[in-house]
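Reader: I'm new to this one, so could you walk me through where the ligand sits and what is around it?

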Amino acid sequence: MDCLFCKILDGEIPAEVVYEDDQVLAFRDINPQAPFHCLIIPRKHIATLNDIADEDQALVGHMLQAAGTIAKQQGFDESGYRTVFNCNTHGGQTVYHIHLHLLGGKPMGWPPY
Ligand code: 5GP
């Protein structure tokens, strides 16, 4: 399977890891959109949000919990942060292995377009 994020999980492509456990890996985005911007990915390959199965519910919840853990580690859990899942073309998804963007370190506007 030719998946960029699976290659990062396998160590074939280097990444700056900020958090990992048995279910997820988090690493800094190569093109950060905030002072802190990382991507939290499941070790299991799931292409899009549309492909999340019943059995993946706890895993996706764990991704969100990891965001809070990383925010606390980075010291912006109380000031706040943004999490984003993009899905397919109109959502702006460019890598087809689900990933949760975690952005922090500055106030962010809304809407994001
Ligand atoms: P998407 O647009 O699919 O929601 O987000 C994909 C993200 O992956 C983008 O923010 C992009 O900057 C990031 N990205 C793409 N290629 C690489 C890479 O090789 N390494 C890292 N660390 N991030 C990447």
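Author: Sure, one term to begin with: a residue is near a molecule if one of its heavy atoms lies within 4 Å of it. This is a predicted model, where local features need pLDDT of at least 70 and side-chain atom pairs count only at pLDDT 80 or more, while totals for chains, interfaces and linings use all residues. Residues are numbered from 1 along each chain as its sequence is written, and side-chain values use heavy atoms, with hydrogens and water left out.

Reader: How many residues surround the ligand?

Author: Asp29, Asn86, Gly92, Thr94 and His101 are the closest. By class, the shell has six nonpolar, seven polar and two charged residues. Here Ala, Val, Leu, Ile, Met, Phe, Trp, Tyr, Cys and Pro count as nonpolar, Asp, Glu, Lys and Arg as charged, and the others, Gly among them, as polar. The full count around the ligand is 15 residues.

Reader: Which residue has a side-chain N or O atom 2.8 Å from an oxygen atom of the ligand?

Author: Let's go through the polar contacts, meaning pairs of N or O atoms within 3.5 Å. Ile30 has a polar backbone atom 3.3 Å from a nitrogen atom of the ligand. Gly92 uses a backbone N or O atom, 2.8 Å from a ligand oxygen. The side chain you're after, also with an N or O atom 2.8 Å from a ligand oxygen, belongs to Asn86.

Reader: Which pocket does the ligand take up?

Author: A pocket is an open set of points on a 1 Å grid over the protein atoms alone, where a 1.4 Å probe fits, with protein on both sides within 12 Å along at least five of seven lines; lining residues have an atom within 4 Å of a point. A molecule sits in one if more than half of its atoms lie within 2 Å of its grid points. The ligand's space is the largest pocket.

Reader: Which element gives the largest share of that pocket's lining?

Author: The lining has 20 residues, with Phe5, Phe27, Asp29, Ile30 and Leu39 nearest the centre. Helices (H or I, at least four residues) and strands (E, at least two) are DSSP runs, numbered from the N terminus. Two elements, H1 and S2, give two or more residues to the lining. The largest share, three residues, comes from H1.

Reader: What volume does the second largest pocket have?

Author: His37, Arg82 and Trp110 are among the residues lining this pocket. A volume is the space filled by probe spheres set on the grid points, which are joined across faces, edges and corners. For the second largest pocket, that comes to about 290 Å³.

Note on methods:
Polar contact = N/O pair within 3.5 Å; in protein donor to acceptor, adjacent residues only side chain to side chain.
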